[in-house]
Number of protein chains: 2
Amino acid sequence: MTTDPTQFLAEAGDLLGPRGLTRDEELIAPWLTDWRGRFTGRALALASPASTEEVAALVRLCARHGVPIVPQGGNSGMCGGATPDAEGTALLLSLRRMAAIRSLDAEARQVVCEAGVVLQTLHEAVVAEGLRFPLTLGGKGSATVGGLVSTNAGGTQVLRHGSMRAQVLGLEAVLADGSVFSALTPLKKDNRGFDLKQLLIGSEGTLGIVTAATLRLLPAIADRRVLWAGVASLETARELLLHAERLAGDALEGFEVIPQETLENVVDHLPGARAPLTGKHAWHALIELVAGKAGADGLFALAEDLLASGFEAGLVEDAAIAASEAQAEAFWALRDAIAPAERAQGPAVQHDISVAVERMPAFVAHAVPRIEADWPGTRAVAFGHLGDGNIHFHVIAPPGVDPLAWQEGDGKAISDQVYALVTEWDGSISAEHGIGQLKRDALARLGDPVALAMMRGVKQALDPAGILNPGKLVPLAPRDANP
Amino acid sequence: MTTDPTQFLAEAGDLLGPRGLTRDEELIAPWLTDWRGRFTGRALALASPASTEEVAALVRLCARHGVPIVPQGGNSGMCGGATPDAEGTALLLSLRRMAAIRSLDAEARQVVCEAGVVLQTLHEAVVAEGLRFPLTLGGKGSATVGGLVSTNAGGTQVLRHGSMRAQVLGLEAVLADGSVFSALTPLKKDNRGFDLKQLLIGSEGTLGIVTAATLRLLPAIADRRVLWAGVASLETARELLLHAERLAGDALEGFEVIPQETLENVVDHLPGARAPLTGKHAWHALIELVAGKAGADGLFALAEDLLASGFEAGLVEDAAIAASEAQAEAFWALRDAIAPAERAQGPAVQHDISVAVERMPAFVAHAVPRIEADWPGTRAVAFGHLGDGNIHFHVIAPPGVDPLAWQEGDGKAISDQVYALVTEWDGSISAEHGIGQLKRDALARLGDPVALAMMRGVKQALDPAGILNPGKLVPLAPRDANP
């Protein structure tokens, strides 16, 4: 924007009213810093439209005045994708006021949510109908449907149910010219050209602003069994995963891995926590089996069979089946506490990476000693979604360093090395958290030039003025061409 | 192309050699008419490159000479998407020579196929490994992987496993400038920007030429049960479907519906065929239940329970469970023979349409009498994938009409009316067969202008010269702007 924003702000205020637009710095401040506290920006104002029509009118206004827009949901993204830059010329557009569940059809197992519906709220709404929404993640108390769609969020149920992309049956979004892409009616099959819905999902607000989505629901599970197994190596954990897939098929809902040291750290950090097994094991696998009505009777036997045959095959050193739902929750609480327990230990750099599932053990065996050798005093830990080929690869700073200086210096260099390594292994530098501004330059440097050129072309075609979330994802607009 | 093609042909011949390029009209002729015999075109030559590198070099050559390219797999598409236009300036590019299965990893349950692999061949290759590829359709003896990907093909297993889009883990495609989009490594989770793979799937060769794909495989099923149920109405069939989904969950693999008259027609047409039930019923439901090892023991009981509770609830009039695998095949043979049986009856216009699953019975109840009233002497029949909200809505010509004249006259007008009706009902004029040239003008007329504008923008960005499959899908290139 090159002109005085006064006229734009006056028109936006007229359009949205006092609840819909504020310049009050106290009200805006909490939303200018990202979830992990890595990025802080400035904004012209905070807009909170109440309807798709208001979003569309606002985008048209922004387009006319050349005002860049940074869409934001629960502000719980991991890569700064919803944080404006420091220039202060962008409008922060919150979707949180659009928090209606427009409809919930229990029979058709579909729910139409506005972008601002919080994931936890969605879970509660559908549980009341005997259904479930098969995606969850740590930030469920903040994360919104719009943000989950725009970042193609993952979580701990991707193994069986896929990421957010797999849950979206229909979509409504406001495009860069203020037109409304309206495809909420869920057609199971529709081959009328390019899949524009898929193009918008995961585009981090750079192609359109998601205002609503139709999501699929599943029947509530009739039974679940949560298992904990100690294994000798990550390679063995993978063999156990394959064994579980063969034996349990669709009943296998989750398969997470945690190294011994990380587990000890969680047990020390989490009040009242206990390790599920008495002995030490190099790696621990957290396995969830679920069944609908059809398979519920045989689920406990399946869990026993899985562990017994795992012992026989030499894959499992020791194991436990949660004896109650409370114990099952306690097993999962250990997994969910890894991130806060680690934060309590001091500074670290986190990498959400993936490689082909079958190569993950070899990657970890290669990368951990390499990083620890190149950066003396650091500790590299890997944990997470082995079943998805997606681990969180965290490198913890040496004791006693200055947190900020380390993050900005060695921390960044370590991240560069991790991303280069994962690229060598034909993997992804962002498995589930997206690119945002955190990984933008890394993607520009390491991404496939053919894919980057396609993305630039699509962005240029759908947002020629570059007003939608500029500076995010990849260097899309001409001004970002040489990062 | 405005210049003499001699130079282009000479260079293409040098590039591809005698096996890779022919102008022999006898060799080319079979590939110039589409599967249904509705479209016949002409071609400059038939190119059959043997590798991705050759495709890329050929596309660069075409780009330099401005030669349009029509990619083709098994030539079994339903909408003329692989048939060149009548001008004769386009190069027909067959992918059939690229028929290698590059790798099959039974443990990781993945197969990397070149574009020319025939679906039937793929099925046989994976069955030998104790696995299955969960997509099948009538044209499996001709349809190729590249065509299935490019048209996002459907079939009879979409209910549980999704269309081709859901099977594709990785993709390789040659773009309009001859660059190679190479993303065959299957990363279960990858959030590095726009999902370009999804954009290419279903784009009918207008954005890129698919040269290979990594496909997911599933464990072979341990047991299947095929059920046949007579029901009083399509609405009752839908209630039975919901009942089956609640009771059987993931075990429900297929749910097809067939009206009585269509069944009688098939039984008359198919040698040795028998109706599964002795009495007449307004509608018939063909239901398949499957189970892996975990649920195989209980599958017959589940099938019995499904029918017994269906009787009790008043949904089922009469029913049978196939007593053997041979009988199960015989049940399915009735379904698969609907199209040939109908063709034997005389001319008809076919419409592959979808509406929201829950609205399909009401749509059929509305559309059938409407069409039959407006076009005296015709019979409208609906059958197919009720579970996907996708039926094949065929309108059979009055007896004694001239086939060609009827197709071109009343037939086209009837199609226009069917498409207008389905659009009023917020449905799709192409559920699974795509757009090609058959439905291009209908889509341009009836499609959402916002979606059409997005598609034009994306096409223009990725194929600015318009050399990839021109005239297909939607009026994409400027010369097609006013159909």
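In chain A, A:R96 lies over the face of A:W31, 3.3 Å from the ring centre. Chain B has such a pair too, with B:R96 over the face of B:W31 at 3.2 Å from the ring centre. Here a charge sits over a ring if NZ of Lys or CZ of Arg is within 6 Å of the ring centre and within 35 degrees of the ring normal.

A word on the model: it is predicted, so local features need pLDDT of at least 70 and side-chain atom pairs count only at pLDDT 80 or more, while totals for chains, interfaces and linings use all residues. Residues are numbered from 1 along each chain as its sequence is written, chains are lettered from A and ligands numbered from 1 in the order in which they are written, and side-chain values use heavy atoms, leaving out hydrogens and water.

Now to the ring pairs. Over all chains, a search of the whole structure finds six aromatic pairs (Phe, Tyr and Trp rings, the last by its six-membered ring, with centres within 6.5 Å; planes under 30 degrees apart are stacked, over 60 edge-to-face, the rest tilted). Two of them are set out here.

| Pair | Centre distance | Plane angle | Class |
|---|---|---|---|
| A:W228 and A:F331 | 5.6 Å | 70° | edge-to-face |
| A:F363 and A:W425 | 5.4 Å | 80° | edge-to-face |

The pair of A:W228 and A:F331 links distant parts of the chain, 103 residues apart: A:W228 is in strand β12 (residues 223-231) and A:F331 in helix α12 (residues 325-336). Helices (H or I, at least four residues) and strands (E, at least two) are DSSP runs, numbered from the N terminus. Both A:W228 and A:F331 are buried, meaning under 20% relative accessible area, with exposed over 50% and partly exposed in between (1.4 Å probe, protein chains only).

A:F363, in helix α14 (residues 360-374), and A:W425, in the loop between α15 (403-424) and α16 (440-446), are 62 residues apart. A:F363 counts as buried at 1% relative accessibility, and A:W425 does at 16%. Ring pairs also join A:F363 and A:W425 with A:F393 in a cluster.

Finally, look at A:N191, in the loop between β9 (180-183) and α8 (196-200) of chain A. A:N191 is buried, at 5% relative accessible area. Its side chain reaches the backbone oxygen of B:E432 at 3.1 Å. A:N191 also touches several chain B residues, including B:T151, B:S428 and B:H433, where contact means heavy atoms within 4.5 Å.

Terms used
A polar contact is a pair of N or O atoms within 3.5 Å; within protein, one must be able to donate a hydrogen and the other to accept it, and residues adjacent in sequence count only if both atoms are side-chain atoms. Lists of a residue's contacts leave out its neighbours within four places in sequence.
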